[in-house]
Amino acid sequence: MVAAWQKATLDWWDTQSGRFELYTSDVTMEEAGRGDAGAAARRLEVLSDLPVLELTDTATELAKVLVREGAVPRTALGDALH
């Protein structure tokens, strides 16, 4: 399943990313830097040229509401922050 998700992500970057203005965040950069060192370096390289969005108090509060209301699992606050 993980391999399928990775392929879907690579396919999206190859075919769709040019259609959008892309941004990243410190949350995403931290997540991308985890795991296998080689894979993490490749992920961070892809993200390195993207503008980094500031994590605001409003975004943090929204993420907490998403978790509290069950839209995002309690264990996935980082996903809510995305």
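**Entry 1. Charges**

I began by fixing what counts as a charge: Lys and Arg are positive, Asp and Glu are negative, and His and the chain ends are left out. With that settled, I looked up the charges of the protein, which number 8 positive and 14 negative. I recorded that the mean positions of the two groups are 7 Å apart. I note here that the model is a predicted one.

**Entry 2. Overall layout**

I next asked in what order the elements of the protein run from the N terminus. I read the order as α-β-α-α-β-α-α. The secondary structure thus consists of five helices and two strands. I looked up the extent of the C-alpha trace, and along the principal axes it spans about 35 × 30 × 25 Å.

**Entry 3. Surface and contacts**

I turned to the surface and found that the protein exposes about 6400 Å². Carbon and sulfur atoms supply 57% of that area. The protein has 82 residues, and 17% of them count as buried. I also looked up the contacts with a separation of 6 or more, and 44% of these join residues 24 or more positions apart.

**Entry 4. The largest pocket**

I looked up the largest pocket and noted a volume of about 930 Å³. Its lining is made up of 27 residues. Which residues lie nearest the centre of this pocket? I listed Thr 9, Trp 13, Ala 32, Arg 43 and Leu 47. I then checked which elements give two or more residues to the lining, and they are α1 (2-15), β1 (24-25), α2 (26-32) and α3 (37-47). Helix α1 gives the largest share, with seven residues.

**Entry 5. Thr 24**

I located Thr 24 in strand β1. Is Thr 24 buried or exposed? I found a relative accessibility of 4%. Buried means under 20%, so Thr 24 counts as buried. Leaving aside residues up to four places away in sequence, I noted that Thr 24 touches Met 29, Leu 47, Leu 50, Pro 51, Val 52 and Leu 53.

**Entry 6. Leu 22**

I found Leu 22 in the loop between α1 and β1. At 22% relative accessibility, Leu 22 counts as partly exposed. Not counting residues up to four places away in sequence, Leu 22 touches Trp 12, Trp 13, Ser 17, Leu 50 and Pro 51. I also looked up the separation of Leu 22 and Leu 47: they are 25 residues apart in sequence, and their C-alpha atoms are 9.2 Å apart in space.

**Entry 7. Thr 28**

I placed Thr 28 in helix α2. Its relative accessible area is 22%, and I recorded Thr 28 as partly exposed. What does Thr 28 touch, not counting residues up to four places away in sequence? I noted Leu 47 and His 82. Thr 28 and Val 52 are 24 residues apart in sequence, while their C-alpha atoms are 9.4 Å apart in space.

**Entry 8. Ala 41**

I ended with Ala 41, which is found in helix α3. The relative accessible area of Ala 41 is 45%. Exposed means over 50% and buried under 20%, so Ala 41 is partly exposed. I looked up Ala 41 together with Val 2, and the two are 39 residues apart in sequence. From C-alpha to C-alpha, Ala 41 and Val 2 are 18 Å apart in space.

Terms used:
Residues numbered from 1 in each chain as written. Predicted model: local features only at pLDDT ≥ 70, side-chain atom pairs only at ≥ 80, totals over all residues. Heavy atoms only, no water. Helix = DSSP H or I, 4+ residues; strand = E, 2+ residues; numbered from the N terminus. Buried < 20%, exposed > 50% of the residue type's maximum accessible area, 1.4 Å probe, protein only. Contact = heavy atoms within 4.5 Å. Areas by Shrake-Rupley, 256 points an atom, 1.4 Å probe, with all protein chains shown as cover. Charge placed at Lys NZ, Arg CZ, Asp CG, Glu CD. 1 Å grid on protein atoms, 1.4 Å probe; cavity = no way out; pocket = protein on both sides within 12 Å on 5 of 7 lines; lining within 4 Å. Points joined across faces, edges and corners; volume = space filled by probe spheres on them.
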